[in-house]
Amino acid sequence: MLPRNLNAILIAMCVAVLCYATHRRTRTAMMVGDALELINQNYVDPVEVDDLLTAAMNGMTDALDENSSFIPGDQYESFQNSINQEFAGIGIFVEQPDKEKPVRVITPLVGSPALKAGILPNDRIISVDDVDVSTMELRAVSDRLKGPVGTTVKVGLMRENDETLLVNVSRATIELESVIGDHRDKDNHWVYRLKSDPQTAYVRLTSFGEKTVNELQRVLGALDNDFNALILDVRGNSGGLLYAARDISDMFLDEGKIVSTRIRGNVIEDVYEAQLGTLVDPGKPMVVLIDGGSASASEIVAASLQDHQRASIVGTRSYGKGTVQNILPLQFGRSALRLTVARYFRPSDKNIHRKADATEEDEWGVTPDDGLVVPVDDETLVEMIRRREQASYPLLADKLFTDQSSEENGGETGEGAEDSAKPVIAKSSEQSSVDFDPQLRQAVEHLKQVIHPASESEKSKVDEELSQNATKAAA
């Protein structure tokens, strides 16, 4: 009898331990659930339980760092799309500056179904599949435009001259590019060389998504080292996937540490090392352009190339985000928790993360090399962003060009207006990006000096001219 009783005791003990562990895990969840139910039943006004749940989750993550957050269901799909770099739709950027007016098309994407169907910038979306959406908010209109790939949606539009029309658009898989060039050619393909200096390769990364590594591999493979110097632009790039930053850094480094991560207790979790071989000739000089919008994965790339003296850093100090987040699905994948699980450090083991109370003198982020800090005023920054958008979406440049030419000629749109129109601006495709981008201009000048270093006599002459100018200014 003793063995049988002993078995029963052991089973009872296991059940008790399991119940205790389950209770510890669920008691806080039960408290939150009870509070939600009490509010739902007794609060003076009707409430949506989903809104309460979102508020509760936001409250918890607000107690953590700024990079941890709850991603509710209505945002989780968009978040996944940005990481996966694709979505099912018609391929337009839209906005709604005035909620009293219909959603407005910013621009169709190059090669998109919307562009092929004739949708233009500034078109107002007034109906979708014969349903009036003129008073709906942006998200509701966007949801109606989405649908399975291969299906057709009927979109009602209102042009700026109050003309209305219906277009049928076939939904497709829209790929979001993350590796772009300096300008587009006549076929709207990106050119990864500076217009003002074709022997300088120019590659801009807008994000670090699932496809970024393969995109960059194809671009560098096509360039095939047929250039004198390379500019890698990560300005305004807020980051993305850690492995993408690691693999991209490895394209330029032959050996050495790229980045290390540390988990709770400052314990080293992983150390990522460069593998033998590079996609870019180590003898080709490089510049990485950064600014205050360069964060996370962008800082990993910039810091690793700077620490290994593989590239010069030009621009302004980066953002200072040195933390790693995991995306943990909730509600069976309908929402998610974005949780900081580690910090990363540059090859020199210096800190990248900028704490809330950090000062400019503290160690954080990536700082441009000596003499290569190039501040940009707000007006110039706005112009730089506008020019980049025009290069990415040519219809925006065409629209601006047409509108300003029309305004200059008294708004003529009838017969004879084309003959009398005189361009008042140069289209972005006719300008060099170096002309309006002081940071890019500094990068080009620096690379020229690296490729063709000045002789001692030339340096002395430049120093003498600078000294004379300084004396004149003081006088």
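The second largest pocket of this predicted model is lined by 20 residues, and S78, F87, I92, S142 and K146 are the ones that lie nearest its centre. Its volume comes to about 600 Å³. Four elements, α3 (73-84), β2 (86-89), β3 (92-95) and α5 (138-145), each supply at least two residues of the lining, and the largest share, six residues, comes from α3. Sorted by class, the lining of this pocket has eight nonpolar, seven polar and five charged residues. As for the approach behind such a description, rolling a probe the size of a water molecule over the atoms shows where empty space is left.

Between two of these lining elements, in the loop between α3 and β2, is the place of Q85. The phi angle of Q85 is near 65 degrees, a positive value in a residue other than glycine, and Q85 counts as buried because its relative accessibility, at 2%, falls under the 20% cut-off. D162 also has a positive phi, near 70 degrees, in a residue other than glycine, and D162 lies in the loop between β7 (152-158) and β8 (164-170). At 59% relative accessibility, which is over the 50% cut-off, D162 counts as exposed.

For the chain as a whole, the secondary structure comes to 13 helices and 20 strands, and 38% of the 475 residues count as buried. Among contacts between residues at least 6 apart in sequence, 66% join residues that are at least 24 apart.

One part of this architecture is an open sheet of five strands, which has the order β10-β13-β14-β17-β18 and mixed pairing. β10 and β18 (312-315) stand at the edges with a single partner strand each, so one side of each is left without a neighbour in the sheet. In general, strands of a sheet pair through backbone hydrogen bonds, either parallel or antiparallel. The pairings within this sheet are set out below.

| Strand pair | Sense | Bridges | Opposed residues |
|---|---|---|---|
| β10 and β13 | antiparallel | two | V179 and L205; I180 and R204 |
| β13 and β14 | parallel | five | T200 and A229 |
| β14 and β17 | parallel | four | L232 and V288 |
| β17 and β18 | parallel | four | L289 and V314 |

Within the sheet, how many residues of strand β13 (residues 200-205) are buried? Six of the six are, so β13 is largely enclosed by the rest of the structure. The cover extends to both faces of β13, since T200, Y202 and R204 on one side and A201, V203 and L205 on the other are all buried. R204, one of these buried residues, is the residue of β13 that I180 stands opposite, while L205 is the bridge partner of V179.

Strand β17 (residues 286-290) is likewise mostly covered, with five of its five residues buried. On one side of β17 the buried residues are M286, V288 and I290, and on the other they are V287 and L289, which leaves both faces covered. Of these, V288 stands opposite L232, and L289 has V314 in β18 as its bridge partner.

Helices connect some of these strands. β13, helix α6 (residues 212-223) and β14 (residues 229-233) make a right-handed β-α-β unit, and β17, α8 and β18 make a right-handed unit of the β-α-β kind as well. Both α6 and α8 (297-307) also take part in covering another helix, α7, whose buried residues are covered by elements that include β13, α6, β15 (257-263) and α8. In α7 (residues 242-250), the buried residues are A244, A245, I248, S249 and D250.

The loop between β14 and α7 holds S238. Is S238 buried or exposed? S238 is exposed, because its relative accessible area of 54% is over the 50% cut-off. Leaving aside neighbours within four places in sequence, S238 is in contact with G293, A295 and S296. The C-alpha atoms of S238 and A297 are separated by 7.5 Å, although these two residues are 59 residues apart along the chain.

Note on methods
Residues are numbered from 1 along each chain as its sequence is written. This is a predicted model: local features need pLDDT of at least 70, side-chain atom pairs count only at pLDDT 80 or more; totals for chains, interfaces and linings use all residues. Side-chain values use heavy atoms; hydrogens and water are left out. Buried means under 20% relative accessible area, exposed over 50%, partly exposed in between (1.4 Å probe, protein chains only). Two strands pair if DSSP finds at least two bridges between them. A crossover is right-handed if, with the strands pointing away from the viewer, the path from the first strand over the helix to the second runs clockwise. Contact means heavy atoms within 4.5 Å. On a 1 Å grid over the protein atoms alone, a cavity is a set of points where a 1.4 Å probe fits but cannot get out, and a pocket is an open set with protein on both sides within 12 Å along at least five of seven lines; lining residues have an atom within 4 Å of a point. Grid points are joined across faces, edges and corners, and a volume is the space filled by probe spheres set on the points. Ala, Val, Leu, Ile, Met, Phe, Trp, Tyr, Cys and Pro count as nonpolar, Asp, Glu, Lys and Arg as charged, and the others, Gly among them, as polar.
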